[in-house]
Amino acid sequence: MTSERYNARDAEPRWQRQWDEQAIFVSKNDDSRPKYYVLEMFPYPSGRIHIGHVRNYTLGDVLARFMRAKGFNVLHPMGWDAFGLPAENAAIERKVAPKAWTYDNIAAMKKQLRSIGLSLDWSREFATCDPSYYKHQQKMFLDMLAAGLAEREKRKLNWDPVDMTVLANEQVIDGRGWRSGAVVEQREMSQWVFKITKYSQELLSALDSLDRWPDKVRLMQRNWIGRSEGLLIRFALDQATTPEGESELKIFTTRPDTLFGAKFMAISADHPLAQAAAAKNPALAEFISDIKKIGTAQSIIDTAEKQGFDTGIRAVHPFDPSWKLPVYVANFVLMEYGTGAIFGCPAHDQRDLDFVNKYALGNTPVVCPEGQDPKSFVITDTAYDGDGRMINSRFLDGMTIEQAKDEVAKRLEGEMRGNAPVGERQVNFRLRDWGISRQRYWGCPIPVIHCPKCDVVPVPDDQLPVVLPEDVSFDKPGNALDHHPTWKHVTCPKCGGKAQRETDTMDTFVDSSWYFARFTDPWNATAPTTPGVANRMLPVDQYIGGVEHAILHLLYSRFFTRAMKATGHLALDEPFAGMFTQGMVVHETYQKADGTWVQPAEVKIEVGGNGRRATLLSTGEDVQIGPIEKMSKSKKNTVDPDDIIATYGADVARWFMLSDSPPDRDVIWSDERVQGASRFVQRLWRLVNDAVEVSKTAPATRPASFSDDALLLRKAAHGALDKVTSGVERLHFNVCLAHIREFTNTFSEVLQRAGQPAADLAPDLAWAIREASQILVQLFSPMMPHLAEECWQVLGEKGLVSEANWPQIERDLLIEDSVTLVVQVNGKKRGEVTVATAAQNPEIEAAALALDAVKLALDGKPVRKVIIVPKRIVNVVG
Ligand code: ANZ
Ligand code: ZN
């Protein structure tokens, strides 16, 4: 028996070195085995791995190690999402170059990742800020430009009038520039966009095929794409009230059924009609400039108080020439959606109701809920958007909403004004084209040149990559690329005249929209992908990441994959066959009396009669225990993976992360539970060592029969093997761990009963103990790979457990001890019998004939024949 404790600090680095030296996690593209691609969202090199990363990568690692043992050619790569604003902020605050800062962080984090013992193929590593990566991104941008998938478009940007620079959304704090404090304005500028809207319908429809994605993620994507079916209606404008040159107002509505409840029209501040009206109305012009100040973010608009200004213009109701509706400029109508204009039906739309209640325009309900008396149905503060029948709506009265929508559409489609119909059915999407221009230095340069003569000229292929200059200064606010003295001045590739480089760089979401494809052949120096390889290795079979990326990153990647297909770099549509969103790691918060936060490591927790009490370790003063929240630096409720690994080892951290809750739920960090995991590691170590000791005499060949205890152990081992196998495939890791614990308990009991010196142990039991130890070690090897290697060695196995094949399940051992058969008399069910699985036919027959129901049905007649369908039916023929 070993008295030695398992020493993770010694064992873990040793096994990590072995794995490295033997390059066992390097996957070859010409491997003939079936492929399995596991990918966790790659990290931003902020400088340190946080505990959320540990969870994310452990989940992926268990799956990768398991699939490798199952015989797959597993691709499990890692890289760095390395462009972005924090590197520039570091440059400003600490005077370090963004590049140096980024690569230093990568080096530090890589070391940390290695200490977790992940089965990663580091031979494919890259950072998105490597010119050898972004070169291909620039090439794909140009391909997309040629294919009409990238375009220039006028967009509104945050403009800091003091710093004279564009600001990213996160640089606008409470409507002011982060450095100057000036009130930020919205400015229109030409921006590069990717035409994701060309794929709106396809991106929506294909969600149905992603059956290994969480429903909630698919729903979030559906809502983001936001498909609406409705009607485009051209309202005539009352000429006497309308500025010259304007004659109609086009609106988009999803509720044409409510037309007879209309009380007003509203247009966006950016609508041409608003501009035309404001030209002659200074008060309106002022109102427009006021409401534009709040910006265009949907969240701001949704929460801002509804405001409007009557332009004096009147629109004519499409079904009644004598019915005039006032046209307002309103702050809740967006220029970017539909036509930038609406008709308002306050009884059935909350925003419209808030609006009329403020401006005293009244409301008329036109949909009455079933069972409600139309005469008494009134709307005051809450709009009714439910089902019902049409009322107060002339020829629509009595119809359902659907019937009324259809009737209005039919009538207006059939009515011509000028040479176009008044109404037209239309499908609208909320999804906007993807604006990718960023006025930042630390990003992938957009490879075009602006020439005064030739306009936009693509950078020729042989001049790619357009490399970021390193001699940049961050003394001035704004884009350091733009301030660089020479970089942007070039000659035009077309006419040879003086021209300027584009100084905008790409949104970092572009970098992460195709990295998974690059991993399939990161060595290709001439093209983004090697299509033959990429098409074989993709899609990613299991992608794992945080739900915070459920919308944009996944949607952009789905679009980009299609764009790569359109430009010949790939031949598939969907990049991620399976998607898993993991929960967060959360922890209690601790606060001193003065309100400052303290770290868990500084706190002592005592459990007493009055519950849990916390005191500060250093001074003994009371600390208040606050709510459990996502780990964050600001609340100091973080634990440092380095500390945990140094104290307990990576295997303990991994086991804890996997054991405490289902992977898609939040896990509460608990020191006590971590210590529990640590004790379990020692227990497994002792168990395996003891088992080796007592099973020394085990025969090499499998005994013909097994005693009760040997059979019990074998059943526990194969039962656990079966459950863990199917559990890992479904990522039910916490359930797998529970099965391993249960098996461990049975194993310990059997071992205790066996308790005699090895020489006295029956050979069949020794053999079963030996088998059980092998299975046990393999079962926990994906979760605790270092301990598993150490145990594997103790077992005297050759090679690494990380390279061993997954054990074969003996299905016979899974069979329950008894079976239940249906008993029929002349083909009619009369009852059931339960017999031992091993029972022979005469025994089953006797049990069936002994049933009262069978005797009754036979009614004294002799039994002519008994037919037994094994494990299912006994048919008595009388
Ligand atoms: C009249 C109406 C009556 C409406 C009613 C709703 C309820 P979804 O489903 O998101 O497509 N709308 C249209 N364009 C808009 C814009 N640019 N800014 C703000 N609101 C706009 O929403 C479509 C509905 O949103 C449209 O249907 C329109 O209001 C409004 F009882 O028309 B509705
Ligand atoms: Zn030119």
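The structure holds 59 salt bridges, and a few of them make a good way into this predicted model. The protein chain runs to 878 residues, of which 53% are buried, and its secondary structure comprises 26 helices and 37 strands. Below you will find some charged pairs, a zinc site, the strands around β37 and a few values for the whole chain.

**Salt bridges across the sequence**

- Arg48 and Asp640 bring their side chains together in a salt bridge, at 3.5 Å from N to O. Arg48 sits in the loop between β1 (35–40) and α2 (51–69), while Asp640 sits in the loop between β32 (622–630) and α18 (641–648), so this pair ties together parts that are 592 residues apart in sequence.
- Both partners of that bridge have some access to the surface: Arg48 is partly exposed at a relative accessible area of 41%, and Asp640 is partly exposed at 25%.
- Asp61 and Arg654 also meet through their side chains, here with an N to O distance of 2.7 Å. Asp61 belongs to helix α2 and Arg654 to helix α19 (residues 650–659), so the bridge ties together parts 593 residues apart in sequence.
- Is Asp61 buried or exposed? Asp61 counts as buried, with 0% relative accessibility, and its partner Arg654 is buried as well, with a relative accessible area of 0%.

**A pair at strand β3, and a network**

- Glu151 forms a salt bridge with Lys195, and their closest N and O atoms are 3.4 Å apart. Glu151 is part of strand β3 (residues 150–160) and Lys195 lies in the loop between β7 (185–194) and α6 (200–205), so the pair ties together parts that are 44 residues apart in sequence.
- Glu151 is partly exposed, with a relative accessible area of 32%, whereas Lys195 counts as buried at 13% relative accessibility.
- Lys156, Asp270, Lys292 and Glu336 are joined into one network by salt bridges that share partners.

**The zinc site**

- Which residues supply the protein donors of the zinc ion (ligand 2)? They are Cys451, Cys454, Cys492 and Cys495, each through its SG atom, at 2.2 to 2.4 Å from the ion.
- The site of this zinc ion is tetrahedral, with angles of 106 to 115 degrees among its 4 donor atoms.
- Along the chain, the donors of the zinc ion (ligand 2) follow the spacing C-x2-C-x37-C-x2-C. Cys454, in the loop between β21 (448–451) and β22 (455–458), and Cys495, in the loop between β23 (489–491) and β24 (498–501), are 41 residues apart, and the pair links distant parts of the chain.
- Cys495 counts as partly exposed, at 36% relative accessibility.

**Strand β37 and its partners**

- Strand β37 (residues 873–877) is mostly covered, with 4 of its 5 residues buried.
- Strand β34 (residues 818–825) runs parallel to β37 and is joined to it by 4 bridges; Val823 stands opposite Val874 of β37.
- Strand β36 (residues 865–869) pairs with β37 in the antiparallel sense over 5 bridges, and Val869 has Ile873 in β37 as its bridge partner.
- β36 and β37 form a hairpin with 3 residues between them, and Lys871 in the turn has a positive phi of about 65 degrees.

**The chain as a whole**

- Taken along the principal axes, the C-alpha atoms fill a box of roughly 110 × 85 × 65 Å.
- Among contacts with a separation of 6 or more in the protein chain, 71% come from residues 24 or more positions apart.
- The accessible surface of the protein chain comes to about 39,400 Å², and 50% of this belongs to carbon and sulfur atoms.

Methods. Residues numbered from 1 in each chain as written. Chains lettered and ligands numbered in written order. Predicted model: local features only at pLDDT ≥ 70, side-chain atom pairs only at ≥ 80, totals over all residues. Heavy atoms only, no water. Buried < 20%, exposed > 50% of the residue type's maximum accessible area, 1.4 Å probe, protein only. Helix = DSSP H or I, 4+ residues; strand = E, 2+ residues; numbered from the N terminus. Pairing = 2+ DSSP bridges. Donors = N, O, S within 2.8 Å, 3.2 Å for Na, K, Ca; no water. Tetrahedral: all angles 85-135°; square planar, octahedral: opposite > 155°, others 65-115°. Contact = heavy atoms within 4.5 Å. Areas by Shrake-Rupley, 256 points an atom, 1.4 Å probe, with all protein chains shown as cover. Salt bridge = Lys/Arg side-chain N within 4 Å of Asp/Glu carboxyl O.
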